[in-house]
Amino acid sequence: MKKLETKYRNDELSPAELQELRNRIKSMSDYEIGEEMYQTWMNEKIDVTSVPDKQIDKIKAQIENSIKEEKSNGFDFSRIIQIAATILLPVFIILSGYLYYENRQIATKEMIVCTARGERASVTLPDGTAVSLNSESRLAYFPQTYNKKERKISFDGEGYFQIDKNKEVPFIIDAQGLQVKVLGTTFKRSSIN
């Protein structure tokens, strides 16, 4: 087989030898043919003296150019992700810090809901308490301390409260200096004027 292969590569086969080589190849499996080619490639010296050096250099240059073109034309998604991460990570860190600071500022401020004459409003407090305010009413509380040890609000005006029961965290309404402690109920509160 090796002798026929060598004669084939050197273009020295007779028609009868060519037919014999074809018959042998047809009788072999793909794996056997691959193994035969691999052994030839790895173990035999290939005579390149008949190929001019300029031709070999030209082939090498073409291969190198095609490799460079693949790299330059290829869409390097990982590089874009790295650049985006480099730019966006500091932005996200700064934005997170800013939002944290703003949230802390809001939490320390008093939340106030007011209604003008002829207006009505509904408010749901952080603990789920629902309050419906009638016109010219005012409800205020501090989100940072609300629902920790007590649920304390300041209220002036007229409103309808639906308060969930929670004996451990009582609901306290401060209305014009009068404090009412509520354990959980539904009631209407009107100011005394």
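The structure holds four salt bridges, a salt bridge being a side-chain nitrogen of Lys or Arg within 4 Å of a carboxyl oxygen of Asp or Glu. This is a predicted model, in which local features need pLDDT of at least 70 and side-chain atom pairs count only at pLDDT 80 or more, while totals for chains, interfaces and linings use all residues. Residues are numbered from 1 along each chain as its sequence is written, and side-chain values use heavy atoms, with hydrogens and water left out.

**Exercise 1. Find the elements of the chain.**

Task: State how many helices and strands the chain has, and in what order they run.

Solution:
- Step 1. Use the rule: helices (H or I, at least four residues) and strands (E, at least two) are DSSP runs, numbered from the N terminus.
- Step 2. Count them: five helices and nine strands.
- Step 3. Read from the N terminus: the order is α-α-α-α-α-β-β-β-β-β-β-β-β-β.

**Exercise 2. Follow three salt bridges.**

Task: For lysine 7, glutamate 20 and arginine 117, name the salt-bridge partner and say where each pair lies.

Solution:
- Step 1. Recall the idea: side chains of opposite charge can pair when their charged atoms come close.
- Step 2. Lysine 7 pairs with glutamate 17, with 2.7 Å between the closest N and O atoms. Since lysine 7 belongs to helix H1 (residues 2–9) and glutamate 17 to helix H2 (residues 15–27), this pair ties together parts that are ten residues apart in sequence.
- Step 3. Glutamate 20 meets arginine 24 at 3.1 Å, N to O. Both are in helix H2, four residues apart, which is about one turn of the helix.
- Step 4. Arginine 117 pairs with glutamate 136, and their closest N and O atoms are 3.1 Å apart. This pair links distant parts of the chain, 19 residues apart: arginine 117 is in the loop between E1 and strand E2 (121–124), and glutamate 136 is in the loop between E3 and E4.
- Step 5. Now check exposure, where buried means under 20% relative accessible area, exposed over 50%, and partly exposed in between (1.4 Å probe, protein chains only). Arginine 117 has 69%, so it is exposed. Glutamate 136 has 47%, so it is partly exposed. Lysine 7, at 23%, is also partly exposed.

**Exercise 3. Look at the backbone of two loop residues.**

Task: What is the sign of phi at glutamate 136 and at asparagine 147?

Solution:
- Step 1. Start from the usual case: most residues other than glycine have a negative phi.
- Step 2. Glutamate 136 is not a glycine, yet its phi is positive, about 55 degrees.
- Step 3. Asparagine 147 is not a glycine either, and its phi is positive, about 70 degrees. Asparagine 147 sits in the loop between E4 and strand E5 (151–156).

**Exercise 4. Build the sheet.**

Task: Give the strand order of the open sheet and find its edges.

Solution:
- Step 1. Apply the rule that two strands pair if DSSP finds at least two bridges between them.
- Step 2. The five strands have the order E1-E4-E5-E7-E8, with mixed pairing.
- Step 3. Strand E1 (111–114) and strand E8 (178–182) are the edge strands, as each pairs on one side only.
- Step 4. Zoom in on one pair: E1 and strand E4 (residues 138–141) are antiparallel over four bridges. Methionine 111 has tyrosine 141 in E4 as its bridge partner.

**Exercise 5. Judge how much is covered.**

Task: What share of the 193 residues is buried?

Solution:
- Step 1. Buried residues make up 18% of the 193 residues in the chain.
- Step 2. For one residue, look at valine 91 in helix H5 (residues 77–108). Valine 91 is partly exposed, at 44% relative accessible area.
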